[in-house]
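User: I would like a close look at a single part of this model. Please treat the matter in one connected account.

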Amino acid sequence: MDIEVDHYSALDLPSGEEGAKLSEIDISKAYRKKALELHPDKRLDDPINAHFNFQKLKASYDILKDQKKRKLFDEIQQQQQQQQSKHRKMMSEPIFVPEISLARLEEEERIAIKLLGEIARIREILMSKKESSEMFVDKERVLKVSWSKSSEDYTCQRLRELFSNFGEVEHVIMSSSSKKKKRYALVEMLSKDHAAKAVSSCVLPGLLVVPLAGL
């Protein structure tokens, strides 16, 4: 059985549920009418195609007049229509696209730019030879802290809490770069003694702490 052919349409009959309700008499009438139209004797100018089309018509009629073959064809056609209906429904349903807040992205970008600016400002203060005495920062009070991204995800607040165990913390500036395997931060203690105590400590998990003055 050729399931690619709509045997009802071949006889100019409605297919699907309407075709399944047609009687044998309806099918026979439709066949006789179509056979007269496609009979090779009526198409002497193209005998080869006429014979081929007539045989296709007869094959469709043979399936529809056989109750078992027709029932099987009706079931196959019904399944195909159900699949097509499901496909059309899926295509018509809206695709969920998670909403991205442009304002939130812009705010995060502003924060990142501000943090990078703070890092650059601290570096200029520490490295510039032209800073005034008011702007001078004692490098012996500043610690460079580094840790692997695969370890604990430290934040400025978390670093401030840890280093507060060794004395008062004035500033914590963290690099926001996500491309490097390591993260870095600068921690400025209130006094040299507090900074030295933090460097000599062995209770800071996963952190490498060195004085900025020694770099």
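Which residue in β3 does I173 stand opposite?

Analyst: I173 stands opposite L186 in β3. The model is a predicted one, in which local features need pLDDT of at least 70, side-chain atom pairs count only at pLDDT 80 or more, and totals for chains, interfaces and linings use all residues. Residues are numbered from 1 along each chain as its sequence is written, and side-chain values use heavy atoms, with hydrogens and water left out.

Helices (H or I, at least four residues) and strands (E, at least two) are DSSP runs numbered from the N terminus, and two strands pair if DSSP finds at least two bridges between them. By these criteria, β2 and β3 run antiparallel and are joined by five bridges. Strand β3 (residues 182-189) also pairs with β1 (residues 142-148), in the antiparallel sense, over seven bridges. Within β3, E188 is the bridge partner of V142, while K182 stands opposite S148.

The wider setting is an open sheet of four strands in the order β2-β3-β1-β4, with antiparallel pairing. Because β2 (169-174) and β4 (208-211) stand at the edges with a single partner strand each, one side of each is left without a neighbour in the sheet. From one strand to the next, the twist averages 20°.

Two helices pack on this sheet, contact meaning heavy atoms within 4.5 Å. Axes are lines fitted to C-alpha atoms, for helices over the stretch in contact, and angles run from 0 to 180 degrees between N-to-C directions. Helix α7 (residues 156-163) touches β1, β2, β3 and β4, and its direction makes about 145° with that of β2. Helix α8 (residues 192-200) touches β1, β3 and β4, its direction making about 25° with that of β1.

As for burial, six of the eight residues of β3 are buried (under 20% relative accessible area; exposed is over 50%, partly exposed in between, with a 1.4 Å probe and protein chains only), so β3 is largely enclosed by the rest of the structure. A nonpolar core is a set of buried Ala, Val, Leu, Ile, Met, Phe, Trp, Tyr and Cys residues joined through side-chain atoms within 4.5 Å. The largest such core has 18 residues, and W147, L159, F163, M189 and L207 have the most contacts inside it. At least two of its residues come from each of β1, α7, β2, β3 and α8.
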